[in-house]
Amino acid sequence: MEKKPIMVVRSSMPPYEEFIEEIKDLWESRHLTHQGPKYHLLAEKLKEYLGVKEISMFANGHLALELAIEAMGLTGEVITTPYTFASTTQAIVRNGLTPVFCDIREDDYTMDVSKIESLITDKTSAIMPVHVYGNVCDVYAIEKIAKKHNLKVIYDAAHVFGVEVDGIPVGNFGDMTMFSFHATKVYHTVEGGGLVFSDPKYQTKLAQLRQFGMQGQESVPIVGTNAKMTEMHAAMGLCNLRHIDEEIAKRKKAAERYLQRLGGVKGIQLCYPKDNVKGNYAYFPVVFDGYKYNRDEVSDLLAKENIFARKYFYPLTSDFEAYQGKFPIQETPIARRIANSVLTLPLYADLTVEEVDRICDIILQ
Ligand code: T4K
């Protein structure tokens, strides 16, 4: 009998009854969107869970990132990583700015901070690093460089919901941090995203940008868009937040099994949790370099068994057709090597240890 497909991720759901209970009052209030009571309750609860001072929430993480750049008034060039999902670079380019690509570290695939300063020019206004897969960037070094050169820092933290470094919640670094609440993430509101920051001055601007640039009913001080989070989405967020610790614990179990089974195998490179980081086990990337099968062969072997790993993140965003000829593109050899050999294995809360074993058996065959 054909086994049920295993995808790279699978959305977690709260108990059905819990969600129905959560949305019941919407039939009475009819307050379905435009920052209603559920939006505000979720904002308070998320601030507490994420250990941050300010939060503003949006229809999705990508729009949050675009509006973060706009709210901060960035100009010219933004130093970023090409080893990420399309969203990061697209947010920069869609704001009319030029991405400048910095290479990544060999071990955790975050930005190589030793290469940032040589990319700074008189046009650079910001650094936009990504805490990729749940791995935290060298936040201390980035802070130092940003201070020295008077640059803003926006973190793409789509993958690090709930992560802490040295006991500090990850949203406390940089000027602004974007969390994605997409259905495929550790924590989700179906679609959704949040910006966290410590300076309250950004609240009004972000609220205006999110709602057509409007301030009240008769004033439109800026050009804006529609990027609101609905009450239905906030309701899903309220439910999922009650289960987040269990979600992370289940992921941890599956991830630890992978580490046990694949750790120490020649030609297989894994990301190990760091001692000073409280992780969230968002993704399980594996680099096949010098292994008996290359990345594509492993991907095919798994696909034959109905298991669909993904090449997150291949191609590099700097290779996107959309950008060719538009601005200079920096060569990033380590990012290129990793993108050519990485495969992200299935990891989600419902993935059982038996399923992890099945996946590992195929890889190790
Ligand atoms: N920055 C970074 C670094 C990001 O990774 C992302 C998003 C963003 C910014 C932007 O945040 P959002 O605007 O999305 O909030 C998926 C996700 O859609 C995307 O959110 C995520 N990163 C990216 C890494 O993965 P695709 O194109 O791979 O999605 P798709 O449709 O191929 O789905 C992947 C697997 O997920 C499927 O095989 C099955 C499972 N799945 C999918 C959907 C749509 C579910 O279990 N439930 C679902 O509803 O981008």
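**Exercise 1. The loop between β9 and β10**

Task: In this predicted model, find which backbone oxygen lies 2.7 Å from a polar atom of the side chain of Thr 189, and establish whether Thr 189 is buried or exposed.

Solution. The backbone oxygen in question belongs to Glu 191, and the distance of 2.7 Å separates it from a polar atom of the Thr 189 side chain. Thr 189 itself is found in the loop that runs between β9 and β10, the latter strand comprising residues 193-197. The relative accessible area of Thr 189 is 0%, and because buried means under 20%, Thr 189 is classed as buried. The loop between β9 and β10 also contains Val 186, which counts as buried at 9% relative accessibility. The C-alpha atom of Val 186 is separated by 8.5 Å from that of Ala 349, although these positions lie 163 residues apart along the chain in the sense of their numbering.

**Exercise 2. The surroundings of the ligand**

Task: Determine how many residues surround the ligand, how these residues divide into nonpolar, polar and charged, and which polar atoms of the protein lie opposite its oxygen and nitrogen atoms.

Solution. The ligand is surrounded by 26 residues, of which Asp 156, His 159, Ser 180, Arg 310 and Tyr 312 are the closest. By residue class, the shell divides into 10 nonpolar, 12 polar and 4 charged residues. At least two residues of the shell come from each of the elements α4 (61-71), α5 (86-94) and β9 (176-180).

The polar atoms can then be taken one by one. A polar backbone atom of Gly 61 is 2.9 Å from an oxygen atom of the ligand, whereas in His 159 it is an N or O atom of the side chain that lies 2.7 Å from a ligand oxygen. A nitrogen atom of the ligand is 2.9 Å from a polar side-chain atom of Lys 185. As for the area involved, the ligand on its own has 920 Å² of accessible area, and the protein covers 74% of it.

**Exercise 3. Salt bridges across the sequence**

Task: Work out which parts of the chain are tied together by the salt bridge of Glu 355 and Lys 4 and by that of Glu 22 and Arg 242.

Solution. The structure holds 26 salt bridges, and one of them joins the side chains of Glu 355 and Lys 4, with 3.2 Å from N to O. Glu 355 belongs to helix α12 (residues 353-364) and Lys 4 to the segment before β1 (6-7), so this pair ties together parts that are 351 residues apart in sequence. The partners are placed unlike one another with respect to the surface, in that Glu 355 counts as buried at 14% relative accessibility, while Lys 4 is exposed, its relative accessible area being 54%.

In the second pair, the side chains of Glu 22 and Arg 242 meet at 2.6 Å, N to O. Since Glu 22 lies in helix α1 (residues 16-23) and Arg 242 in helix α8 (residues 231-242), the pair ties together parts 220 residues apart in sequence. Glu 22 counts as buried, at 12% relative accessibility. Both residues also belong to a network of salt bridges that links Glu 18, Glu 22, Asp 25, Lys 38 and Arg 242.

**Exercise 4. A salt bridge within one helix**

Task: Explain why Glu 44 and Lys 47 are separated by about one helical turn.

Solution. The closest N and O atoms of the salt bridge between Glu 44 and Lys 47 are 3.4 Å apart. An α-helix has 3.6 residues a turn, so residues three or four places apart point the same way. Glu 44 and Lys 47 are 3 residues apart in helix α3 (residues 37-50), and therefore about one helical turn separates them. Glu 44 is partly exposed, with a relative accessible area of 47%, and Lys 47 likewise counts as partly exposed, at 21%.

**Exercise 5. Helix α8 and its enclosure**

Task: Compare the expected span of α8 with the separation of its end C-alpha atoms, and decide how many of its residues are buried.

Solution. At 1.5 Å a residue, the 12 residues of α8 should span 16 Å, and the separation of 17 Å between the end C-alpha atoms agrees with this. Of these 12 residues 9 are buried, so α8 is largely enclosed by the rest of the structure; among the buried residues are Glu 231, Met 236, Leu 238 and Asn 240.

How values were computed
Residues are numbered from 1 along each chain as its sequence is written. This is a predicted model: local features need pLDDT of at least 70, side-chain atom pairs count only at pLDDT 80 or more; totals for chains, interfaces and linings use all residues. Side-chain values use heavy atoms; hydrogens and water are left out. A residue is near a molecule or strand if one of its heavy atoms lies within 4 Å of it. A polar contact is a pair of N or O atoms within 3.5 Å; within protein, one must be able to donate a hydrogen and the other to accept it, and residues adjacent in sequence count only if both atoms are side-chain atoms. Accessible areas come from the Shrake-Rupley method with a 1.4 Å probe; for residues, only the protein chains shown count as cover. Helices (H or I, at least four residues) and strands (E, at least two) are DSSP runs, numbered from the N terminus. Ala, Val, Leu, Ile, Met, Phe, Trp, Tyr, Cys and Pro count as nonpolar, Asp, Glu, Lys and Arg as charged, and the others, Gly among them, as polar. A salt bridge is a side-chain nitrogen of Lys or Arg within 4 Å of a carboxyl oxygen of Asp or Glu. Buried means under 20% relative accessible area, exposed over 50%, partly exposed in between (1.4 Å probe, protein chains only). The expected span of a helix is 1.5 Å times one less than its number of residues.
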